[in-house]
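Please take a look at the protein shown here. A short briefing comes with it, arranged by topic.

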Amino acid sequence: MDTNDSGHNDGHHATPTGRGPVDVPHVYPLGELARAFTTALTHHDRRVRANAEERVERWRKVLAGMADGTLTIGLRTPVAGLPAWVTPQVVRGGFATGTPAASGPLLAHEAVAAHRTGLPAERRALFAHALTTTGLAELTDLLESGGYAVELPEEAALLTVAWLADRGETATALELLDVLGPFADRLRFLPQPVPAAPPGSDSAIVYRWTVAEVRRRLQQRRPHAGVEAMNEALTVWNPFADELLEHWLKTVRNGRILARAPKPKWKEGAAALLERYRALAAEHTCCGKHRRPKENLFILRTALEDLVAGGDLDARRRGRVQHAVDAMVRRRGVPGTPEHAALRARQAADAARPTHHAMAQLVAERLADLPPDTGTPQARTFTVAVTPAEYEATGLPVGADVPEPITRLVHRALAADVPTLIAAGVVPSAEVLATLTPQLVAAASAAAYPDPRLRRLMAASYGAFRNRRSVLLLDLQHQVRFEELPWVRAVEQHRQSTDPLRATAARTLADLGELALHGWPGTVLPNPLTSQLATLARTAGLTLPWTEELAADIFMGTFTAKFPAAARAAAELLDGSLYAAYYGIDYAAIAGVNAAASRDRQGSPGAAQFAALCHERAGVDGTTWLSVAQAGAVIEQAQILTTHNLALLAGPVGVSPQSGWAALARSAFATTCRHAARIHGNPHPLRTIKDMAYAWRQALFYLSMTTPDEQNTALAQLDDDAARCPDHARARLAPVLAGLRLVHAGGNLALDGGPTDSGARRLLGWAPTGRHWLQAEPAAQAVIHG
C-alpha cells in the first residue's frame, strides 16, 4: 500500500518565487512571514488574527531552522535528527517548520490516560505504560473493538506493537520498539479512544467531513453584523420613527408645521418619547442609523430635545423638520393607514425570520447525539424545518426552513457512495474527489490483511498517512511512502494478495477513473487523485507509469523513468490518431525510447532521451537555466506525450464511459469555451490560458477514442458550441478549431505552434518566450469560419 511516486514534490507544493529551479530561496518564507504578521496586526476578526499569529510562529521556525542548519529544504529528511517516517509539520509551499506534527503538548486523551493511570503527564511515561501487561491489554481491547481514531500515522505504532505481541511475534515487536523508543518522549504514539464503528460497515461508503467537523463549523458561525443591524432597524427604530412622526403630525395644520410653541401636553408626550429613546439606544446597539445627522429620525428627535429643553425652532430648523415629515409621509404614508400598516407588517415578518446564526446553532444541537468521528447517511433529516418542540426550546418559528448555506454544510457529512455524493453536489471537483478516495483506497488495500484487527488498523493508518502534507523536494526525490513507516514494514509479511482482492481493486480503480472523467472531463487529474489511482493499480497487480503534474518553478529539467514509460503506453493507444496528428507526435519514435536507451544521472532508463525530446518540442535549450515559462513549456510537452494518465485509464485500466467518448469530448470543449470567455479583460490571463489548453487537450484525447463517424459528428457539434460563445471567445477559439479541422483533413500544423497560411494553429498553454498569442485582443485575430 504505497503512495505517491512523484519525483517533484507531487507537483502541487511549488514555491512561487520566479527564481531558478536550483535555488531554495529565503524570499518565499520571508514573504509569507510578512503577510502573516500584517494580518495578525491589522485584521478586524479576532480568530483570523489568532490564526495568523500561529502562522507567524511557524514561518519564524522555518527561517530560524534554515539559518542555523537544522532545516535543509529540498530533502526527504528536512529536519536534522528526524528520520523520514516522522510526520513533519509543513506550511505552505512544502516548507517543514522543524517541529514534528505528532509532538507538542499532550492532547486531551493523553492527559486523561495519564491521570487515570496515575502517571506523570509526559509521553515517555505513557509509552512505558503501554508496554506493561495492563497497557498492552488496553491496546488489545482497542484493537478488538475498533474504538480508536488515528489522526496521524504515528498514533498507530503502539497498536501495531500490541497486535504483534498478541500474535506472539515478540522479536518483531521489539525491533519496532527499538525504532520508536528514541522518540518516545516527543512523539504521540497512542491513538485516541472513540466509540467503535458499527460492525459490517460498508467500505464503499465515504463522507467528506465528519459530524464533529460539521458541528464545529456550525458552532463557529457568528451573527452577521449587517443582518443584526437591519433586523434592529426593522423591529426597533422604524416603529420608533413612526411614533415620532405621529407626534409631529399633531402640530401640522394645512400640511405645515405650526410656527407657534407647542402646547404643554404635547411637550409631555415629547419628553416621554425622548425617555423611551434613551432606553432603546442603551439596549439596542447594532444599528447606528438613528445617530446620523442626515437621517429623518435624528432630525425629528433632536428638534424634540430642543423644544422640551425650553428652546424654540428657527425657520431653518422648522424647514428641516417639515422636510423630514413630508418625506416620511410621502414614502410610507401616515402611520396607522392600511398601506403603512401593511408595509410594517411585511418588515416585521422579514425581521422575524431566524438568522443563519440561530439556525446553525439549532442544527448543531440536532447533530449532538451522532457519533462524531464519521459521517451520517441521514444528513438530510437534520436540515428539516423547525419543529414545534424546537420552537418551545428556542423560540424559532415553527416551519422555518434551514438556510441553503447551512444545508450545504451539513450535507458534507453525508455518508454514501461516491456517485451519490457527486449527484448530491457534495463533491464539486476532482480535487474534492481526491480527498475522498483515500477512504476507498484504504479499504481496498487493507483487505489484503486476513486478520480483521490488522486490516482495520492498516486502513486507519493509511487514511492518516494520506493527511500527511508533502515537503518541497528537489533532484527527483520521491515523497515518503506508506510502506516506509516502521510499523507498516513490521506487518508486511502478513499481507496477502489474492485474485479476488486484485479484481476488487481493479474494479474500484476503473470506477474511480470513470467518475473523474465523467464528472470533470475538462480538468486534469489532480496529483492527490493520481496518487490514489496508482495505489489501487498496484493493489490490483497492475504496474503502470502514473505521472504527476510537476511544478514549473522547481522543475530540474529532467524526468523520472515513468514519464517515457507513460509515453510508450500512450503510443500503443494513439499512434496514427487525431491527437497525434494535432500535436505532431511521432509515436513510432516514442516507442523507441526504451530501457536500452541511455540512462541519465539518476539511472532512469530513457529519461534523458525523453527530456531532450520535450525540450526540443518546446523550443527550449536543454543545456541552460530555464525560466519558469520555459520549464512550464517543457512540462506541458511531457503531459502531451504521456496524455497525463488518460491513456492509462482508457487502455490498461479499461475505463469506458457510459455516456461515450464523444460526449466527454463535447463536455471538455465546453470547459475550453468557458476558459476562452474568461480571457477577455482579464488582467492576469495566463493561468486561464493554461487551463484552457489543458481542457482542449483532454477534448482531443476523447475525440481520438471515437469512431470515424462519431468523430465527424462531434466536430460539427464543436463548431455549433463555439458559435454560441461571446464574440471575443469565438475569435480566440477560431484558430484552434481551424487547426483541428486541418489535421482532421490530413494537413499539418506548424511545428513551432505558429499560424498556418489559413490562420490555423495549435493551442498550447505555455509560451516559453514573449506573450501568449491568446493575450492579443480578438480584433487583432483572424476569425476563421467553418
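The points below go from the overall build to cores, helix pairs and single residues.

This is a predicted model. The protein has 32 helices and six strands. Its C-alpha trace spans about 110 × 85 × 55 Å along the principal axes.

**Overall build**

- Of the 786 residues in the protein, 51% are buried.
- Take the contacts between residues at least 6 apart in sequence: 73% of them join residues at least 24 apart.

**Nonpolar cores**

- In soluble globular proteins, nonpolar side chains tend to be buried together.
- The largest nonpolar core here has 191 residues. Leu-218, Phe-559 and Trp-696 have the most contacts inside it.
- Setting aside neighbours within four places in sequence, Leu-218 touches Ala-360, Gln-361, Val-363, Ala-364 and Leu-367. Leu-218 is also in contact with Ile-406, Leu-409 and Val-410.
- A second core, separate from the largest, has 30 residues. Leu-244, Leu-273, Leu-274 and Leu-304 are among them.

**Helix H11**

- H11 covers residues 296–308, 13 residues in total. From first C-alpha to last it reaches 18 Å, close to the 18 Å expected at 1.5 Å a residue.
- Its buried residues are Leu-297, Phe-298, Ile-299, Leu-300, Arg-301, Thr-302, Ala-303, Leu-304 and Leu-307.
- What covers them? The cover includes helix H9 (225–249), helix H10 (264–283) and helix H12 (315–332).
- Leu-304, one of the buried residues of H11, also belongs to the 30-residue core.
- Gly-310 follows H11 and has a positive phi, near 100°.

**Helix pair H6 and H19**

- The axes of H6 (residues 157–166) and H19 (residues 452–465) come within 11 Å. They cross at roughly 165°.
- An angle over 145 degrees counts as roughly antiparallel, so H6 and H19 are roughly antiparallel to each other.
- The crossing of H6 and H19 is left-handed.
- H6 supplies Leu-159, Thr-160, Trp-163 and Asp-166 to the contact. H19 supplies Arg-453, Leu-454, Leu-457 and Met-458.

**Helix pair H29 and H31**

- H29 spans residues 661–677, and H31 spans residues 708–723. Their axes come within 10 Å and cross at roughly 25°.
- Angles under 35 degrees count as roughly parallel, so H29 is roughly parallel to H31.
- This crossing, of H29 and H31, is right-handed.
- On the H29 side, Ala-665, Arg-666 and Phe-669 take part. They meet Gln-717, Leu-718, Asp-721 and Ala-722 of H31.

**Phe-189**

- Phe-189 sits in the loop between helix H7 (170–180) and strand E4 (192–193).
- Is Phe-189 buried or exposed? Its relative accessibility is 3%, so Phe-189 counts as buried.
- Beyond neighbours within four places in sequence, Phe-189 is in contact with Trp-85, Phe-127, Glu-154, Glu-155 and Ala-157. Its other contacts include Leu-158, Leu-180, Phe-183 and Ala-184.
- Phe-189 and Gly-94 are 95 residues apart along the chain. Their C-alpha atoms are separated by 24 Å.

**Ala-279**

- Ala-279 lies in helix H10, and H10 is among the helices that cover the buried residues of H11.
- Ala-279 has 48% relative accessibility, so it counts as partly exposed.
- Ala-279 and Val-653 are 374 residues apart in sequence. In space they are 74 Å apart, C-alpha to C-alpha.

Notes
Residues numbered from 1 in each chain as written. Predicted model: local features only at pLDDT ≥ 70, side-chain atom pairs only at ≥ 80, totals over all residues. Heavy atoms only, no water. Core = buried A, V, L, I, M, F, W, Y, C linked by side-chain atoms within 4.5 Å. Buried < 20%, exposed > 50% of the residue type's maximum accessible area, 1.4 Å probe, protein only. Contact = heavy atoms within 4.5 Å. Helix = DSSP H or I, 4+ residues; strand = E, 2+ residues; numbered from the N terminus. Expected span 1.5 Å × (residues − 1). Axes fitted to C-alpha atoms, helices over the stretch in contact; angles between N-to-C directions. Parallel < 35°, antiparallel > 145°, perpendicular 65-115°, else oblique. Left-handed = near helix turned anticlockwise from the far one by under 90°.
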